[in-house]
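Thanks for asking me to take a look at this one. Here are my notes, written for someone opening the model for the first time.

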Amino acid sequence: MNRWIGFRLSLRALGGRLGDQWERDRRDTLFLMLPVFVAVLPHFGWMPWWVGAGFVVLFAWRLGLLFSGRGLPGAPVRWAGAVAATAAVWAHYDTLVGREPGVALLILFLGLKLMEMRARRDLFVVIFLSLFLLLAAFLDSQSIGTAALVLAGFAGLLAAMLTMQYRRHEAPIAGRMKAVGVLLLQALPLAAVLFVLFPRPGGPLWGMPSDAARARTGLSETMTPGEFSELGESPEIAFRVRFETAMPAPAQLYWRGPVFGDFDGKTWRALGPGSAAQVVPPPRPQVRHAPDATVTYEITQEPSARNWMFPLEMPVSVEPPQGLAASLLPDLQLVASRPLGARTRYRVESSLAWQAGLNETRTSLQNWLGLPPGFNPRTLEMAAQWRAETLAAASRDGRVPARGEPALDRLLVDRALAMFREQDFRYTLQPPLLGRDSVDDFLFGTRAGFCEHFAGAFVVLMRALDIPARVVTGYQGGERNPVDGWWLVRQADAHAWAEVWLAGSGWTRVDPTAAVAPERIERGVRLEAQFAGLPGLDAATPLVDALRFRLDALGNAWNQWLLSYDRGKQRRLLERIGLEADDWRAIAGLLALSLTAIVGAIAVLTLHPRRARDPVERAWDDFCQRLAVTGLPRQPHETASAYLGRVERLVEPERIGEARRIVALYNRLRYGIAEGAETAPREHVRHLQQCVRRFRP
């Protein structure tokens with residue numbers, strides 16, 4: 001029973017005045033707890049689950065102690081908690097240094113600090129720790145949702161700091177939040193000037209050296225059948241595209257990424273100097289293109305741990321951001337000079353009609369003919385049979401084609417595509433498992449798979465036919481956002497296709513997936529996902545689609561105009577206003593002048609003497625103004641009762657009772673306050689204000 005009474009008294013302390021300083025401290029602590037929880041909330045999504053669970057336990061424990069009125073745990077308990085938290089972080093990360101271990105320790109220590117909030121100094125320490133956590137939230141995400149959550153937490157912490165400045169005169173919560181809003185509005189122009197003029201760092205503001213290892217693009221450095229099926233379920237954005245010229249047809253949207261040429265019987269890897277499959281260094285890529293078939297567009301690529309760029313086949317010119325260089329590898333993959341650890345925007349011009357690799361030699365083409373010995377014997381046997389049959393058919397026509405002749409190779413390519421098209425091959429996001437001879441199992445057994453199954457099997461078959469071939473990975477298609485016109489390329493659009501080398505044509509794209517499931521190329525992987533019932537990719541209602549597109553457009557605008565404000569944009573802005581970006585003295589002078597002008601303007605508007613008015617007197621003045629409509633305004637020397645007696649005969653009879661009650665309540669609040677009390681009870685003042693608002697003479 002005593003615990004229940006204590007709990008009820010604690011609840012009363014949230015909204016009432018019990019008069020005891022202990023209850024006042026309890027209210028201040030409760031007011032602080034909510035923004036503290038909001039400060040930790042953004043980290044729940046990316047920190048280990050046990051860190052969030054540990055903080056929630058400590059937070060709930062502190063709330064229980066607060067409501068029950070029991071004392072805080074002693075120093076031995078807190079020291080044991082600190083040692084346990086440190087040991088847990090060390091066991092999980094093998095270090096206490098770094099971004100994630102540091103944030104984990106900060107969260108757990110904040111929960112422990114709640115257990116020793118006794119003095120005002122402890123409250124301020126909790127606030128400062130929470131502010132650090134709000135700042136650290138941007139290390140994981142800089143989205144508009146994270147920014148809104150951080151702003152809400154900061155406003156709550158600022159209101160808690162204001163709460164601690166009140167002594168006996170405790171302001172209502174609405175008044176505190178109003179003061180916080182005024183402070184934030186005053187700080188907004190200062191923040192805007194600093195954001196625009198303060199020198200921008202060369203790299204991402206919230207990036208760290210370890211970030212690149214943590215980010216990902218969705219694609220990997222290897223390709224194994226079954227890998228892309230996971231990406232097919234992911235709605236995450238890989239990059240966004242805005243076309244400056246006419247957009248190509250969806251079937252032409254092949255966004256080129258890593259190229260694989262080394263096959264060990266199970267996994268495809270990139271061909272490079274360290275690869276055993278490379279016979280000779282490949283020649284420098286030569287690309288011919290038709291100038292009248294070019295498209296220009298801008299890509300905003302999400303952060304990744306790689307230096308891969310994803311242009312539309314085939315890029316002919318690239319404009320990377322300042323401080324970044326782009327180059328075309330011998331396998332025609334476009335790469336940046338460093339990993340793209342931050343959101344990166346670059347402009348590309350690509351040609352839809354192109355020829356590449358015409359300068360390849362028979363020796364350099366050996367790089368793309370290798371097959372592992374002892375694997376996929378049935379595929380090799382079928383390839384030998386096909387070549388013999390094709391040579392025999394050509395001989396019956398009166399000619400003997402040479403090996404590598406374009407016409408012969410094209411016949412073999414067409415025959416392979418016809419096999420995929422006419423036989424019972426099936427496109428699915430949930431393919432069955434394959435054995436050691438994966439290509440044999442796929443071509444002669446399961447015949448069901450995703451794009452990497454078809455591309456990998458096709459390239460093995462081409463090499464068995466003595467046709468140079470390789471696997472190209474990247475993305476295909478996309479989804480247009482009708483709100484802002486940007487194209488969204490998601491991880492679900494990850495795709496693999498093949499390239500074969502044909503004399504006179506060079507490297508030629510061949511997509512065997514298009515022969516099996518042309519709707520995958522025309523409309524994208526999400527069409528198949530609808531029938532597969534994958535979570536998050538089902539067909540949405542028009543209302544949900546409209547909301548999703550608007551939210552994405554809002555987030556994209558946030559990324560383009562705020563997060564992408566880098567050194568290059570700042571340089572262009574300064575040049576427009578007549579300043580050199582390298583003239584730091586002029587920029588510093590402009591920054592100082594702007595800040596001084598803003599601070600001076602705010603001071604002129606806010607720092608003038610104001611006399612606080614008693615709410616009782618304000619209510620009485622309002623009442624007198626309402627009575628003045630009778631034609632008899634109140635004289636300065638008149639008391640409340642005398643004034644009412646003078647105008648009572650002019651007031652409607654049904655309103656006289658209300659007026660007398662207001663005058664009586666005013667006299668009691670104005671002159672009948674108990675000895676030693678500084679102000680009237682708040683609930684009585686609110687009652688007077690309500691009575692005056694209802695009074696209509």
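What follows is a set of numbered points on helices, cavities and a few backbone details.

1. First, a word on what you are looking at: this is a predicted model. Please keep that in mind through all the points below.

2. Start with helix 3, which runs over residues 49–68. With 20 residues at 1.5 Å each, helix 3 should span 28 Å, and its end C-alpha atoms are indeed 28 Å apart, so the expected and actual lengths agree. Just past the end of helix 3 comes Gly69, with a positive phi near 85 degrees.

3. Which residues of helix 3 are buried? They are Val51, Gly52, Phe55, Leu58, Phe59, Arg62, Leu65 and Leu66. These buried residues cover an arc of only 155 degrees around the axis, which means that they sit on the same side of helix 3. The general rule behind such a pattern is that an α-helix has 3.6 residues a turn, so residues three or four places apart point the same way. On the face of helix 3 turned away from the buried side, you'll find Trp49 and Val57, which are exposed.

4. Now go to helix 8, residues 173–197. Helix 8 has 25 residues and reaches 36 Å from its first C-alpha to its last, close to the 36 Å expected at 1.5 Å a residue. There is a kink in helix 8 all the same: about 30 degrees at Leu188, shortly before the proline Pro189. The buried residues of helix 8 are Arg176, Val180, Val193 and Leu197.

5. How many cavities of 30 Å³ or more are there? The count is 3. The largest cavity holds about 90 Å³ of space. Its lining includes Met223, Pro225, Phe263, Trp268 and Leu434. Helix 14 (438–446) and helix 15 (451–464) are the elements that each give two or more residues to the lining of the largest cavity. Helix 15 has the largest share, with 4 residues. By type, the lining of the largest cavity divides into 8 nonpolar, 3 polar and 1 charged.

6. The second largest cavity has a volume of about 60 Å³. It is lined by 13 residues, and the closest to its centre are Pro285, Pro330, Gly357, Glu360 and Trp507. Here the lining divides into 7 nonpolar, 3 polar and 3 charged residues.

7. Have a look at Ser350 too, in strand 11 (residues 344–351). Its relative accessible area is 0%, so Ser350 counts as buried. The C-alpha atoms of Ser350 and Pro311 are 7.5 Å apart, although 39 residues separate the two along the chain.

8. Some backbone details deserve a check by eye. Glu313 and Met314 are joined by a cis peptide bond, with omega about 0 degrees. Met314 belongs to the loop between strand 7 (294–301) and strand 8 (315–319).

9. Two residues other than glycine have a positive phi worth noting. For Asn376 the value is near 50 degrees, and for Arg447 it is about 50 degrees. Asn376 lies in the loop between helix 11 (362–365) and helix 12 (377–396), while Arg447 lies in the loop between helix 14 and strand 14 (448–449). Are they buried or exposed? Asn376 is buried, with a relative accessible area of 2%. Arg447, at 19%, is buried as well, because the cut-off is under 20%.

Definitions and conventions: Residues are numbered from 1 along each chain as its sequence is written. This is a predicted model: local features need pLDDT of at least 70, side-chain atom pairs count only at pLDDT 80 or more; totals for chains, interfaces and linings use all residues. Side-chain values use heavy atoms; hydrogens and water are left out. On a 1 Å grid over the protein atoms alone, a cavity is a set of points where a 1.4 Å probe fits but cannot get out, and a pocket is an open set with protein on both sides within 12 Å along at least five of seven lines; lining residues have an atom within 4 Å of a point. Grid points are joined across faces, edges and corners, and a volume is the space filled by probe spheres set on the points. Ala, Val, Leu, Ile, Met, Phe, Trp, Tyr, Cys and Pro count as nonpolar, Asp, Glu, Lys and Arg as charged, and the others, Gly among them, as polar. The expected span of a helix is 1.5 Å times one less than its number of residues. Buried means under 20% relative accessible area, exposed over 50%, partly exposed in between (1.4 Å probe, protein chains only). The arc is that of the directions from the helix axis to the C-beta atoms. The bend at a residue is the angle between axes fitted to the seven residues ending there and the seven starting there.
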